[in-house]
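Colleague: Could you take me slowly through one part of this model, namely how its strands pair and what they help to build?

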Amino acid sequence: MRPAEPHPQTLESLHGEIWQRLADATADPAHAWRTPTLATAGPDHPDARIVILRAVDPHERTLVCFSDSRTHKVAGVRIQPVATWCFYDPVQRIQLRATGETRAHVNTAFTRAYWETLPHSSRRLYATVPRPGDRVLAPWEIPFGDHPAEQFAVLVTTVHALDWLRLGPEHHERAKFRWEDNSWEAHWACP
Ligand SMILES: Cc1cc2nc3c(=O)[nH]c(=O)nc-3n(C[C@H](O)[C@H](O)[C@H](O)COP(=O)(O)O)c2cc1C
């Protein structure tokens, strides 16, 4: 067995890199971490779906996405206010899971600030009369109403745990970060 070699990257620099990559993803539509899977607990079973990462604040530890306020994910976090975001970069073979308390904001000054940034074409998506998931006759026969802003939700996760994994050609690397007592506790983990 070979003696352990000093790792070329510190946990601190890896942590900074993770938040930088998340921030980069909000600015780059082609970024691999732009479209993570958001997992929530539902009323009767766990659920997962793709969302677009809209905003990141490393200091507040927040991840933000938009949704229709009538979706299952919004109902889910209202029942159990927690979510895990799963990011994957298929080229670098890096997975990141970010878990934390999650709140759905609807029809507040906070959501209106984001609403103002949306183009008309995006706003229209929140105006459907049927609720997301409702049965419709056909995709081109969906009626639209007049109050899309009231159906616009902003989901905010305040991250308290990060689980990072890279599958390398020769060995795999995993690191865990936990927000405890106002700072990040970090350690390497067996993949
Ligand atoms: C590329 C892509 C991006 C998506 N982005 C979002 C998003 O930002 N917010 C959202 O609510 N749904 C988004 N969706 C749709 C969700 O995956 C999901 O189908 C929908 O929100 C209903 O989910 P729910 O009923 O589990 O809440 C996206 C789907 C795809 C394929």
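Modeller: Two strands are said to pair if DSSP finds at least two bridges between them, and the strands themselves are DSSP runs of E with at least two residues, just as helices are runs of H or I with at least four, both numbered from the N terminus. This is a predicted model, in which local features need pLDDT of at least 70 and side-chain atom pairs count only at pLDDT 80 or more, while totals for chains, interfaces and linings use all residues. Residues are numbered from 1 along each chain as its sequence is written.

Strand S5 (residues 82–89) runs antiparallel to strand S1 (residues 37–41), and four bridges join the two; here Trp-85 in S5 stands opposite Leu-38. S5 also pairs in the antiparallel sense with strand S6 (residues 94–106), over eight bridges, and Thr-84 has Thr-99 in S6 as its bridge partner. Between S5 and S6 the hairpin has four residues, and Arg-93 takes a positive phi near 55 degrees.

The largest nonpolar core, a set of buried Ala, Val, Leu, Ile, Met, Phe, Trp, Tyr and Cys residues joined through C-beta atoms within 7 Å, has 27 residues, of which Leu-53 and Leu-162 touch the most other members. Buried means that 20 or more other C-beta atoms lie within 10 Å of a residue's own, with C-beta atoms placed from the backbone. S5 and S6 are among the elements that each supply at least two residues of this core, although strand S7 (152–167) gives the most, with eight residues.

Definitions and conventions. A residue is buried if 20 or more other C-beta atoms lie within 10 Å of its own, exposed if 12 or fewer, and partly exposed in between; C-beta atoms are placed from the backbone.
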